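Trainee: Could you take me through the reading of cavities and salt bridges in a model of this kind?

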Amino acid sequence: MTHKKDLKILEFGQSVVDHTQAMLAYWDKDLICRFANLSYVEWFGKTKKEMINKITLPELLGPLYKLNLPHINAALRGEKQVFERIIGLPGGEMKNTIATYIPDKVNGRVKGFYVHVADISIVKSPDLETKFSKNQNLTSADTMGIAERIEKDLRDNILAGFPGIANLAKKFYLSESTIKRVFKKKYRQNLQEYFRNQQMRLAEEYLSGKQYNKKQLANMFGFSNPYNFLLSYNNYLNQKNTNQRLELLKQSNEEHYHSFIAGSPFAMALVNEKMKYVSASEAWRTEYKLLKGKETGEYCRNFLFSEKGKWEKLYKNCLRGHEYHGEEELLDMQKEIRWLQWDIRPWYNHNRVSGVLLFIQNITLQKLKDTESRKIFEILEKAGEIARIGIWKRNFNTNKSLWSKVTREILEVPYDFSSDLVTSLNFYEPGEGRKQIEKVLKNALEKGEAFDIESVITTAKGNRKPVRVIGYSDFKNGKCERLFGIILDLSSGDR
């Protein structure tokens with residue numbers, strides 16, 4: 001009778017524990033789960049059968065285990081631990097919690113510890129992006145493992161769309177800067193570039209197999225405007241073609257290198273062991289003006305970098321066989337802001353490193369189109385204030401325009417000036433100039449065509465100015481949702 005009564009009390013106690021919202025568990029000194037209430041197992045998307053007497057704490061917590069390890073070790077030393085932690089639910093939701101580890105001591109020896117975790121999200125609104133910045137002294141093995149798991153996550157989302165750096169940071173319990181750093185160290189590309197290249201590789205397979213056309217692929221990969229897909233795909237093919245030719249050139253002689261580079265449509269140059277130019281393409285000479293004279297033999301003194309000593313360091317590393325791929329720089333070149341991607345690779349001549357091969361690609365247009373990069377407008381605006389480049393945007397969903405400080409100065413309008421698209425046309429002089437801008441805007445709104453024109457405007461103060469206007473459109477469900485681009489005041493010498 002007493003035994004049955006005890007069982008009922010135990011069952012009642014278990015029922016109470018299972019119906020509490022707090023997460024309760026017990027882990028032994030070997031970090032094996034010996035007890036977990038319903039809230040605890042459901043939080044981690046498990047069942048009691050999967051957890052109790054089976055799962056270990058490192059298996060359950062994953063990346064979070066490393067962050068909690070100092071508290072776990074302290075609990076096993078007999079020290080009570082109370083700390084806050086952000087925990088991700090299986091569905092992706094993030095919860096702010098306060099955890100308590102209470103040592104289980106028997107005759108002075110710690111046999112394990114009790115865990116009590118309470119959800120305090122309702123009373124706190126934490127900044128998730130800064131909570132992961134502590135205790136992230138990752139080893140090389142940790143870095144490589146995390147990078148590989150991030151890469152798998154990107155591949156799993158190839159059709160669903162880029163998961164976002166903030167979401168990846170939350171998922172892997174790391175800061176955004178750490179996520180970006182460990183991934184680039186492993187794969188030599190930033191996250192967005194790697195993800196886009198994976199999409200384009202798949203697109204290439206589908207197109208070569210004639211499974212889908214480009215319009216279907218643009219929709220499949222989440223491009224609101226097919227033109228943006230074509231731009232990304234063509235850039236991918238160009239980069240792939242260049243990489244393949246560079247690989248073939250590794251075993252070629254100097255004459256082949258010189259011939260290839262001199263005839264390349266891309267900005268490329270070859271620098272020997274004495275840091276002197278051996279060959280340079282026309283784009284290198286004219287577009288970037290990195291080679292002052294017309295003849296080779298002069299020193300390549302600083303490449304693209306304003307940072308003292310950076311070029312010399314990369315150059316010496318390349319002579320030792322190191323390669324740098326897909327690096328990016330936002331630079332002020334000839335009073336024009338450009339977002340450039342550059343490669344520096346060893347130059348092999350008869351199977352030995354005899355210099356370095358330099359490659360530059362202007363990716364400013366892609367960056368302007370990158371709707372994931374919310375900070376780009378702000379970065380270009382600040383840089384544009386130096387180079388006298390105005391930034392402008394028009395959102396048709398909100399019917400609001402956004403003009404940077406330099407744009408307002410070029411048009412000579414007050415800071416609080418607001419204008420719709422039709423009123424903005426009045427800055428252009430009647431006649432051919434007005435017709436030209438009306439035509440390119442119509443094509444941008446209806447067909448998604450980018451434009452780059454030079455025209456003459458009359459400012460709000462009545463001054464005539466020659467300007468260059470570049471614009472792009474962003475489509476969703478076949479409808480243009482926004483226009484954005486830049487304006488340059490040509491009267492001040494900008495190009």
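The dialogue below turns from enclosed space to charged pairs.

Mentor: This is a predicted model, in which local features need pLDDT of at least 70 and side-chain atom pairs count only at pLDDT 80 or more, while totals for chains, interfaces and linings use all residues. Residues are numbered from 1 along each chain as its sequence is written, and side-chain values use heavy atoms, with hydrogens and water left out.

Trainee: How many cavities of 30 Å³ or more does the structure hold?

Mentor: Rolling a probe the size of a water molecule over the atoms shows where empty space is left. Here a cavity is a set of points, on a 1 Å grid over the protein atoms alone, where a 1.4 Å probe fits but cannot get out, and its lining residues have an atom within 4 Å of a point. The structure holds 3 cavities of 30 Å³ or more, and the largest has a volume of about 290 Å³, a volume being the space filled by probe spheres set on the points, which are joined across faces, edges and corners.

Trainee: Which residues lie nearest the centre of the largest cavity?

Mentor: Of its 19 lining residues, Trp392, Trp403, Ser424, Tyr428 and Val469 lie nearest the centre. Among the elements that give two or more residues to this lining are β11 (389-395), α20 (432-447) and β15 (479-489), where helices (H or I, at least four residues) and strands (E, at least two) are DSSP runs numbered from the N terminus. The largest share, 3 residues, comes from β11.

Trainee: What distance separates the N and O atoms in the salt bridge of Glu151 and Arg155?

Mentor: Side chains of opposite charge can pair when their charged atoms come close. A salt bridge is a side-chain nitrogen of Lys or Arg within 4 Å of a carboxyl oxygen of Asp or Glu, and the structure holds 11 of them. Glu151 and Arg155 meet in one at 2.6 Å, N to O; being 4 residues apart in helix α7 (residues 140-156), they are separated by about one helical turn. Asp156 pairs with Lys152, the closest N and O atoms being 3.0 Å apart, and these two residues are likewise 4 residues apart in helix α7.

Trainee: Is Glu151 buried or exposed?

Mentor: Glu151 counts as buried at 7% relative accessibility, where buried means under 20% relative accessible area, exposed over 50%, and partly exposed in between (1.4 Å probe, protein chains only). Its partner Arg155 is partly exposed at 41%, whereas Asp156 is exposed at 51% and Lys152 partly exposed at 45%.

How values were computed: 1 Å grid on protein atoms, 1.4 Å probe; cavity = no way out; pocket = protein on both sides within 12 Å on 5 of 7 lines; lining within 4 Å.
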